[in-house]
Amino acid sequence: MKIIDLNAEVRTTVGNSPARALRREGKVPAILYGPDTEPIMLTVNVSDVEFALRTVKSTHAIFNVTSSDGKVVKTAMIKELQQHPLSRDFVHIDFYEIDKNRKVTARVPVVTVGTSVGVENGGNLSVIRRELEVLCLPFDIPESFEIDITNLDVGDSVHVEDLQLTEGVEIPTDVNFTVVTVVVPKAEEEEVEEELEEGEEGEEGEEGEGVAGETEGEEGES
(Lines give C-alpha, C1' and ligand atoms only; values in the text may rest on other atoms or scores of the structure.)
Protein backbone atom coordinates (compact mmCIF):
# COMPACT_ATOMS: atom_id res chain seq x y z
CA MET A 1 0.00 0.00 0.00
CA LYS A 2 1.29 3.44 -0.96
CA ILE A 3 2.15 5.93 1.80
CA ILE A 4 0.81 9.43 1.11
CA ASP A 5 2.51 12.58 2.32
CA LEU A 6 0.09 14.94 4.06
CA ASN A 7 0.98 18.42 5.27
CA ALA A 8 -0.64 19.67 8.46
CA GLU A 9 -0.49 22.60 10.85
CA VAL A 10 -0.52 22.38 14.62
CA ARG A 11 -3.52 24.29 16.00
CA THR A 12 -4.17 25.75 19.41
CA THR A 13 -7.77 26.87 19.02
CA VAL A 14 -10.70 24.67 19.97
CA GLY A 15 -14.47 24.99 19.85
CA ASN A 16 -17.19 25.31 17.22
CA SER A 17 -16.49 28.90 16.17
CA PRO A 18 -12.80 28.39 15.27
CA ALA A 19 -13.70 25.09 13.57
CA ARG A 20 -16.30 26.81 11.37
CA ALA A 21 -13.75 29.48 10.49
CA LEU A 22 -11.27 26.80 9.42
CA ARG A 23 -13.86 25.07 7.24
CA ARG A 24 -14.65 28.38 5.51
CA GLU A 25 -10.96 28.53 4.59
CA GLY A 26 -11.08 25.05 3.02
CA LYS A 27 -9.48 23.39 6.03
CA VAL A 28 -10.71 20.85 8.55
CA PRO A 29 -9.76 20.37 12.22
CA ALA A 30 -8.09 17.08 13.05
CA ILE A 31 -6.44 15.24 15.88
CA LEU A 32 -3.62 12.70 15.85
CA TYR A 33 -3.18 10.16 18.64
CA GLY A 34 -1.95 6.63 19.25
CA PRO A 35 -0.80 4.16 21.88
CA ASP A 36 2.55 5.94 22.23
CA THR A 37 1.48 9.44 21.21
CA GLU A 38 -0.16 12.20 23.21
CA PRO A 39 -3.06 13.76 21.27
CA ILE A 40 -1.93 16.50 18.88
CA MET A 41 -4.46 18.97 17.45
CA LEU A 42 -3.94 19.62 13.76
CA THR A 43 -5.43 21.37 10.75
CA VAL A 44 -5.29 19.89 7.24
CA ASN A 45 -6.43 21.10 3.85
CA VAL A 46 -9.65 19.46 2.69
CA SER A 47 -8.38 19.31 -0.90
CA ASP A 48 -5.28 17.35 0.19
CA VAL A 49 -7.39 14.73 2.03
CA GLU A 50 -9.88 14.45 -0.84
CA PHE A 51 -7.06 13.96 -3.35
CA ALA A 52 -5.45 11.30 -1.16
CA LEU A 53 -8.70 9.34 -0.76
CA ARG A 54 -9.41 9.52 -4.51
CA THR A 55 -5.90 8.25 -5.21
CA VAL A 56 -6.13 5.13 -3.06
CA LYS A 57 -9.94 4.73 -3.30
CA SER A 58 -10.04 3.67 0.33
CA THR A 59 -10.35 5.23 3.78
CA HIS A 60 -7.54 2.88 4.83
CA ALA A 61 -4.93 5.13 3.27
CA ILE A 62 -1.68 5.44 5.20
CA PHE A 63 -0.25 8.93 5.62
CA ASN A 64 3.05 10.48 6.54
CA VAL A 65 1.64 13.41 8.51
CA THR A 66 4.15 16.24 8.71
CA SER A 67 3.56 19.62 10.35
CA SER A 68 4.80 22.79 8.68
CA ASP A 69 7.24 23.42 11.55
CA GLY A 70 8.63 19.91 11.25
CA LYS A 71 7.85 19.06 14.87
CA VAL A 72 5.23 16.46 14.00
CA VAL A 73 6.22 13.59 11.72
CA LYS A 74 3.98 10.58 12.16
CA THR A 75 2.81 7.62 10.11
CA ALA A 76 -0.94 7.37 10.59
CA MET A 77 -4.24 6.25 9.13
CA ILE A 78 -7.72 7.71 9.40
CA LYS A 79 -9.50 6.29 12.43
CA GLU A 80 -12.69 8.33 12.02
CA LEU A 81 -13.83 10.69 9.29
CA GLN A 82 -16.80 12.82 10.37
CA GLN A 83 -18.92 14.31 7.59
CA HIS A 84 -21.95 16.60 7.56
CA PRO A 85 -25.06 14.41 7.06
CA LEU A 86 -26.43 16.57 4.21
CA SER A 87 -23.53 18.33 2.50
CA ARG A 88 -21.05 15.46 3.16
CA ASP A 89 -18.40 18.11 3.90
CA PHE A 90 -15.59 17.00 6.22
CA VAL A 91 -16.26 18.09 9.80
CA HIS A 92 -13.40 16.46 11.73
CA ILE A 93 -10.72 13.83 11.17
CA ASP A 94 -9.13 11.47 13.70
CA PHE A 95 -5.69 10.21 12.69
CA TYR A 96 -4.29 7.17 14.49
CA GLU A 97 -0.53 6.67 14.64
CA ILE A 98 0.50 3.23 13.44
CA ASP A 99 3.49 0.95 13.62
CA LYS A 100 3.94 -1.23 10.55
CA ASN A 101 4.80 -4.14 12.85
CA ARG A 102 1.80 -3.72 15.16
CA LYS A 103 -1.67 -5.06 14.27
CA VAL A 104 -4.59 -2.66 14.08
CA THR A 105 -8.36 -3.04 13.77
CA ALA A 106 -10.12 -1.66 10.72
CA ARG A 107 -13.55 -1.86 9.13
CA VAL A 108 -13.58 -3.30 5.61
CA PRO A 109 -16.57 -2.92 3.25
CA VAL A 110 -18.45 -5.95 1.89
CA VAL A 111 -18.96 -5.98 -1.90
CA THR A 112 -21.18 -8.49 -3.72
CA VAL A 113 -20.22 -9.72 -7.19
CA GLY A 114 -22.49 -11.32 -9.79
CA THR A 115 -26.24 -11.90 -9.94
CA SER A 116 -27.76 -14.44 -7.57
CA VAL A 117 -29.76 -17.31 -9.07
CA GLY A 118 -32.11 -16.87 -6.13
CA VAL A 119 -32.74 -13.24 -7.07
CA GLU A 120 -33.44 -14.31 -10.66
CA ASN A 121 -35.99 -16.76 -9.23
CA GLY A 122 -37.76 -14.00 -7.33
CA GLY A 123 -35.82 -13.83 -4.07
CA ASN A 124 -34.38 -10.72 -2.43
CA LEU A 125 -30.67 -10.25 -1.70
CA SER A 126 -30.05 -9.07 1.86
CA VAL A 127 -26.60 -7.80 2.85
CA ILE A 128 -26.65 -8.23 6.63
CA ARG A 129 -23.17 -6.83 7.26
CA ARG A 130 -21.96 -4.06 4.97
CA GLU A 131 -18.67 -3.81 6.84
CA LEU A 132 -16.54 -6.32 8.70
CA GLU A 133 -13.98 -5.58 11.37
CA VAL A 134 -10.55 -7.10 10.76
CA LEU A 135 -7.37 -7.37 12.77
CA CYS A 136 -4.08 -7.30 10.86
CA LEU A 137 -0.95 -5.31 10.14
CA PRO A 138 -1.62 -1.86 8.60
CA PHE A 139 -0.24 -2.76 5.18
CA ASP A 140 -2.31 -5.98 5.05
CA ILE A 141 -5.74 -4.32 5.38
CA PRO A 142 -7.93 -5.49 2.47
CA GLU A 143 -9.69 -2.82 0.41
CA SER A 144 -12.90 -4.89 0.50
CA PHE A 145 -14.38 -8.35 0.91
CA GLU A 146 -15.74 -9.47 -2.47
CA ILE A 147 -18.47 -12.14 -2.20
CA ASP A 148 -19.54 -14.00 -5.34
CA ILE A 149 -23.30 -14.45 -4.96
CA THR A 150 -23.91 -16.11 -8.35
CA ASN A 151 -24.80 -19.54 -6.92
CA LEU A 152 -26.84 -18.31 -3.97
CA ASP A 153 -30.43 -19.58 -4.20
CA VAL A 154 -33.39 -18.57 -2.05
CA GLY A 155 -32.61 -19.56 1.52
CA ASP A 156 -28.83 -19.73 0.96
CA SER A 157 -26.44 -17.63 3.03
CA VAL A 158 -22.77 -16.72 3.28
CA HIS A 159 -21.39 -16.72 6.82
CA VAL A 160 -18.26 -15.08 8.12
CA GLU A 161 -16.45 -18.43 8.28
CA ASP A 162 -17.10 -18.93 4.53
CA LEU A 163 -14.92 -15.94 3.62
CA GLN A 164 -11.47 -16.54 2.17
CA LEU A 165 -9.05 -14.42 4.21
CA THR A 166 -5.58 -13.53 3.04
CA GLU A 167 -2.64 -14.54 5.22
CA GLY A 168 -2.27 -12.39 8.30
CA VAL A 169 -5.87 -11.12 8.24
CA GLU A 170 -8.38 -12.29 10.82
CA ILE A 171 -11.93 -11.39 11.77
CA PRO A 172 -12.01 -11.28 15.58
CA THR A 173 -15.40 -12.81 16.37
CA ASP A 174 -16.63 -15.88 18.22
CA VAL A 175 -19.93 -15.99 16.32
CA ASN A 176 -20.30 -17.38 12.80
CA PHE A 177 -22.78 -14.66 11.82
CA THR A 178 -24.48 -14.23 8.45
CA VAL A 179 -22.97 -11.72 6.04
CA VAL A 180 -25.20 -12.13 2.96
CA THR A 181 -28.39 -14.10 2.36
CA VAL A 182 -31.14 -14.51 -0.24
CA VAL A 183 -34.59 -14.40 1.31
CA VAL A 184 -38.16 -15.08 0.19
CA PRO A 185 -39.93 -11.89 -0.95
CA LYS A 186 -41.89 -10.30 1.88
CA ALA A 187 -45.25 -10.65 0.11
CA GLU A 188 -44.76 -14.41 -0.21
CA GLU A 189 -43.70 -14.67 3.43
CA GLU A 190 -46.91 -12.91 4.47
CA GLU A 191 -49.00 -15.24 2.30
CA VAL A 192 -47.37 -18.30 3.84
CA GLU A 193 -47.91 -16.93 7.34
CA GLU A 194 -51.57 -16.22 6.58
CA GLU A 195 -52.07 -19.75 5.22
CA LEU A 196 -50.44 -21.22 8.32
CA GLU A 197 -52.59 -19.08 10.60
CA GLU A 198 -55.78 -20.08 8.73
CA GLY A 199 -54.80 -23.75 8.94
CA GLU A 200 -54.20 -23.49 12.67
CA GLU A 201 -57.56 -21.79 13.20
CA GLY A 202 -59.31 -24.56 11.22
CA GLU A 203 -57.71 -27.27 13.31
CA GLU A 204 -58.67 -25.52 16.53
CA GLY A 205 -62.28 -25.19 15.32
CA GLU A 206 -62.55 -28.88 14.49
CA GLU A 207 -61.16 -29.86 17.85
CA GLY A 208 -63.62 -27.56 19.61
CA GLU A 209 -66.61 -29.06 17.77
CA GLY A 210 -65.56 -32.59 18.73
CA VAL A 211 -65.40 -31.71 22.39
CA ALA A 212 -68.85 -30.10 22.32
CA GLY A 213 -70.39 -33.17 20.64
CA GLU A 214 -68.97 -35.48 23.23
CA THR A 215 -70.39 -33.31 26.00
CA GLU A 216 -73.90 -33.39 24.51
CA GLY A 217 -73.71 -37.16 24.17
CA GLU A 218 -72.74 -37.59 27.77
CA GLU A 219 -75.65 -35.41 28.92
CA GLY A 220 -78.13 -37.50 26.85
CA GLU A 221 -76.96 -40.74 28.42
CA SER A 222 -77.47 -39.36 31.90
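**Close-up 1. Arg129 and the ring of Phe177 in the predicted model.** In this model, which is predicted rather than determined by experiment, the charged end of Arg129 is placed over the ring of Phe177, at 3.9 Å from the ring centre.

**Close-up 2. Lys79 over the ring of Tyr96.** A Lys side chain takes part in a contact of this kind in the present view, where the charged end of Lys79 sits over the ring of Tyr96 and lies 5.1 Å from the centre of that ring. Tyr96 has a relative accessibility of 22% and therefore counts as partly exposed, since that class begins where the buried class, under 20%, ends.

**Close-up 3. The aromatic pair of Tyr33 and Tyr96.** A search of the whole structure finds 2 aromatic pairs. In one of them, Tyr33 and Tyr96 are arranged edge-to-face, with 5.8 Å from centre to centre and 80 degrees between the planes. Because Tyr33 belongs to strand β2 (residues 27-34) and Tyr96 to strand β6 (residues 90-97), the pair ties together parts of the chain that are 63 residues apart in sequence. Tyr33 is partly exposed, with a relative accessible area of 24%, and Tyr96 is likewise partly exposed, at 22%.

**Close-up 4. The aromatic pair of Phe63 and Phe95.** The ring centres of Phe63 and Phe95 are 5.8 Å apart and their planes meet at 85 degrees, so this pair is edge-to-face, the angle being over the 60 degrees that this class requires. The pair links distant parts of the chain, with Phe63 in strand β4 (residues 62-67) and Phe95 in strand β6, 32 residues apart. Phe63 is buried, its relative accessible area being 0%, and for Phe95, which is also buried, the relative accessible area is 0%.

**Close-up 5. The open sheet formed by β9, β7 and β10.** This sheet of 3 strands is open, follows the order β9-β7-β10 and has mixed pairing. Its edge strands are β9 (131-136) and β10 (145-148), each of which pairs on one side only. On average, and with direction ignored, neighbouring strands of the sheet are turned by 35 degrees against each other.

**Close-up 6. The pairing of β7 with β10.** Strand β7 (residues 104-113) and strand β10 run parallel and are joined by 4 bridges. Within this region of the sheet, the residue of β10 that serves as the bridge partner of Val113 is Asp148.

Conventions
Residues are numbered from 1 along each chain as its sequence is written. This is a predicted model: local features need pLDDT of at least 70, side-chain atom pairs count only at pLDDT 80 or more; totals for chains, interfaces and linings use all residues. Side-chain values use heavy atoms; hydrogens and water are left out. Two strands pair if DSSP finds at least two bridges between them. Helices (H or I, at least four residues) and strands (E, at least two) are DSSP runs, numbered from the N terminus. Axes are lines fitted to C-alpha atoms, for helices over the stretch in contact, and angles run from 0 to 180 degrees between N-to-C directions. Rings of Phe, Tyr and Trp (its six-membered ring) pair if their centres lie within 6.5 Å; planes under 30 degrees apart count as stacked, over 60 as edge-to-face and the rest as tilted. Buried means under 20% relative accessible area, exposed over 50%, partly exposed in between (1.4 Å probe, protein chains only). A charge sits over a ring if NZ of Lys or CZ of Arg is within 6 Å of the ring centre and within 35 degrees of the ring normal.
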